[in-house]
Amino acid sequence: MASLWSSLEQGVFNPQKKRLLETVRVWKTGRRKKMSILCLVVDTFRPMQPFLVKVKVDRGEQYKVAYRWPLAELKLVDGKTLDEASLDFDLHLDKVYKWTTNSLDEKKTFIRCLWKLSHRYLAGSIAFVNVPSCAAEGRQRPQEDRKDPAEAESQEELSMYQEMTPKEAADVLKLMEEYEPLVNNSVAFAEQLSNDLHVLDEANLRAIISSEKQVTQLMSNIDEALAEVARVEKTLQIYDELLGSVKQQMDHIHRENSLLHHIVSNKTRLMDEILFLTTQLNLSREHCDALSQADLSSPSRVKACIAAAEALSLCMNTQIHPGYRKLQSVAEQLIMFETLKQNFESSFISHITNIFELQGNAQIPFLAQPIHKPSAPSHALHHEELVPYTPLMAWLRKANPVLFCDLPKVYAQNLSRLYDREIKAFFEQAKTFLLGRRKGSLQESLEKPMAMGSRQQSRWSLPGSREGQEHTSDKGNIIMILEQVLRELQPLCTTEQQFIEKFFQLSHDAADLETSATKGEKSTASPEDPPCIKPRSQLEEPTTRLLSEIFSCLEPELRGFLDICNKIHPFGCLQVLVTLNDSIFERWDSSSALPSSFLNTILGNMLLLAKNSFNKCIGTLCKEIEETRMPSKLKGGILPSVNRFEEFVNFSEKVFRTAQRRGELDKAHLRLASSVFSSINSLPSANLKVNTDMVMMENFHHIHCFLCQKMIHCLEDKKTEAKQRYSKHMKKYIITYLGQPLEKLNNFFEGVKARVAQGVKEEEVSFQLAYSKQELRKVIDRYPGKEVKRALEILYRKIHKDLSPEENLLPVVWHTMEQELIRQYQEFEELIQRCYRGSGIAMDFTVEDLLSYFSSITLSSM
């Protein structure tokens, strides 16, 4: 019961500021399954009013108030029968409720609480029928005091036996100590105690007889006190009845004041709501006229329409209670707003669509005017004509997004026709400027480089030749015209992009996408790729889709113009690549350029095409270098492939002199250098009549000197490799010709070294028949000093004849040969000392003689 009471108080009545007085579990008579709880509660604030509450228990053991009646509505309480064994009772409220309780005690307690509340708060206005007065007032009936005599006697006997107090126990112990000799004799001890008890009874009787007068006086005083108490109770009852009527009057006043407060509050709220509706849903007559007429013919009337549309939006966007919409005046006002909005939307869309169509059909004003450079048209006047309608476009986007979504498409369809004519005319001008300095028609100008490309010498002509001079002029013209084209396209596309983003409110939709795409670029872009080049899928936003439709012919026309630039010069793709790279990075670094502009995307795609064209050109060049067949009558000198490589490097370095990125060029240089090295290394298989080591030495030396002059960082490894190969082939060339002046002597000592390498002891080599001392003397006798000098002179003349004068390698080769011959002479001397010790054998010339021979030959040739 305690848990039920606390649950009801905390979960149901405390939040309602009610105090629980009594509960009883009941069910409707005849319906045992549906259990409910009747509760008697009273307010915790003044005026305090009692209530009868019916509480139900749901499936989740949660208590929920089902009904609540003010106790003043209770008219009658029927206990059903005077027999207290009955568990049924009736409550007469708006109708008769018949209840049955679990227990008779709960029924009595509940009815007793009803009786008390009726007399305390309702002046006994509730009638009680078939309820004993003693049960209602809380007193026991006289019958309950009449009990069976035997039962009363047994209860009286039980009440005589009580537990001793500590004082009584101490007295008993003291008495037993006093009569300790008699304790062992229980009969004597009992007699002694009986005698003492008679003595005490006698003393008590005497005391009572002596105090009889005092007792009589005390009883008289008690009777007087009872009479006075009855008189005071009667007076208090009268006061209580008076105060009860005053309390009822005060409670009535409290209720009246509360009702008045509610009336005033309701009137205030009603007036506020009326003022709110009349103020917020009111559209002035001027605004209504402006919207209904929809006159957009002058700037002042456009401003009036803008103000009226904004006022209409404020009225229509006002948040009102759904119930207010059922009011006739409010409904009529909302219908009027919707009608004005729809009519103005139709008029505005018709007006703006007409402007789009007029702009799309406009003529190109500059076609007949003489111009000195390619220039793109300006759309500033078109934009200025549409800018005043920007607020109305923003209003239409919020008011009717479905109709607004069609306007960008209509704009793109009409303006694309104008841009197609202007862009095609612009690129025609650019092509005329690009090819105007060359003789013949446009077709002839394109066919001439193709015919020249079929001839190897013309294709790889040096800048100093006639064709090279013509190509140099083309180079400057290509870069100048292409830069001018890109400079003209930038404001054209950027201005259009900024306009449509502002006019059609597109920048708000794409802001999040651009931010994420920019973050993605910084984390994934390679060092050589421009940061503005992004996959097309990342830019598929409303702005880009609209610009793609407006500038539908820009990318094809630009691609065709770049193809012409590639065709009129053998290395036109290189110039296009540099110009596009510089333009993109210049736009990216510029503060005025949009980071995700449409033109950046177009130029990024063109840059990818330019890179592909450049890579194809380099691949073709590498293939031609590697597959070039050397003529069998080649007399040495610098190979054509080396000249081609040198020409390309010189040309590319001039073009890339101011370029911001050169990653593609570095890769091309490495590919071409590898192809040139491969071409030089294939000379031994060409069956040339000249010494291949000499030719390879000269070409690698030429490449090394050229790379040292250019100082290209990416070719440092190739420069080192060229030097190593140049030294290697020079050594092989020297060794090949070194054996000619001392051929037999060289062959003899090679045999000696071979015997020593096979395990023959050095002192036993002279005992070999083929390498005896006599054989050594014969070989040495064949090479006196004059014969050696004559052989060196013949060798010098042959080397001078073989080497090309352009490289000037004769002094280097002759000096290296001198050092090698001296080293070989010293090796021969060492072998003679080791293998022919004590034989007295020595060569006919010395190191000083060899130095003098080389010096005299060098001086005689100067």
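In what order do the eight strands of the open sheet stand? The points below start there, then move to the cores and the cysteines.

1. **The sheet.** This is a predicted model. Its eight strands form an open sheet, and the order is S4-S3-S2-S1-S7-S6-S5-S8. The pairing is mixed. Strand S4 (63-70) and strand S8 (127-129) stand at the edges. Each has a single partner strand, so one side of each is left without a neighbour in the sheet. From one strand to the next, the twist averages 30 degrees.

2. **A pair inside the sheet.** Look at strand S1 (residues 18-28) and strand S7 (residues 96-101). They run antiparallel, and three bridges join them. One spot to find by eye is Trp27, which stands opposite Thr100 in S7.

3. **A helix across the strands.** Helix H2 covers residues 104-121. H2 lies across S1, strand S2 (35-43), strand S3 (50-57), strand S5 (76-78), strand S6 (88-92), S7 and S8. Its direction makes an angle of about 135 degrees with S1.

4. **The whole protein.** Step back from the sheet. The protein has 32 helices along with its eight strands. There are 862 residues, and 40% of them are buried. Now take the contacts between residues at least 6 apart in sequence. Of these, 69% join residues at least 24 apart. The protein exposes about 50,200 Å², with 54% of that supplied by carbon and sulfur atoms.

5. **The cores.** The largest nonpolar core has 158 residues. Which residues have the most contacts inside it? They are Phe504 and Phe551. Set aside the neighbours of Phe551 within four places in sequence. Phe551 is then in contact with Tyr419, Ile423, Leu492, Cys493, Glu496 and Phe598. Another core, of 22 residues, lies apart from the largest one. Among its members are Val26, Leu38, Leu114 and Leu117. Val26 falls within the residue range of S1, Leu38 within that of S2, and Leu114 and Leu117 within that of H2.

6. **The cysteines.** How many disulfides does a search of the whole structure find? It finds zero. Cys705 shows the reasoning. The closest cysteine sulfur to its own is in Cys708, 6.4 Å away, which is too far for a bond. A disulfide needs the two sulfur atoms within 2.5 Å.

7. **Cysteine exposure.** Is Cys835 buried or exposed? Cys835 counts as buried, because its relative accessibility is 3% and the cut-off for buried is under 20%. Cys705 has a relative accessible area of 37%, so Cys705 is partly exposed.

Terms used
Residues are numbered from 1 along each chain as its sequence is written. This is a predicted model: local features need pLDDT of at least 70, side-chain atom pairs count only at pLDDT 80 or more; totals for chains, interfaces and linings use all residues. Side-chain values use heavy atoms; hydrogens and water are left out. Helices (H or I, at least four residues) and strands (E, at least two) are DSSP runs, numbered from the N terminus. Buried means under 20% relative accessible area, exposed over 50%, partly exposed in between (1.4 Å probe, protein chains only). Contact means heavy atoms within 4.5 Å. Accessible areas come from the Shrake-Rupley method with a 1.4 Å probe; for residues, only the protein chains shown count as cover. Two strands pair if DSSP finds at least two bridges between them. Axes are lines fitted to C-alpha atoms, for helices over the stretch in contact, and angles run from 0 to 180 degrees between N-to-C directions. A nonpolar core is a set of buried Ala, Val, Leu, Ile, Met, Phe, Trp, Tyr and Cys residues joined through side-chain atoms within 4.5 Å.
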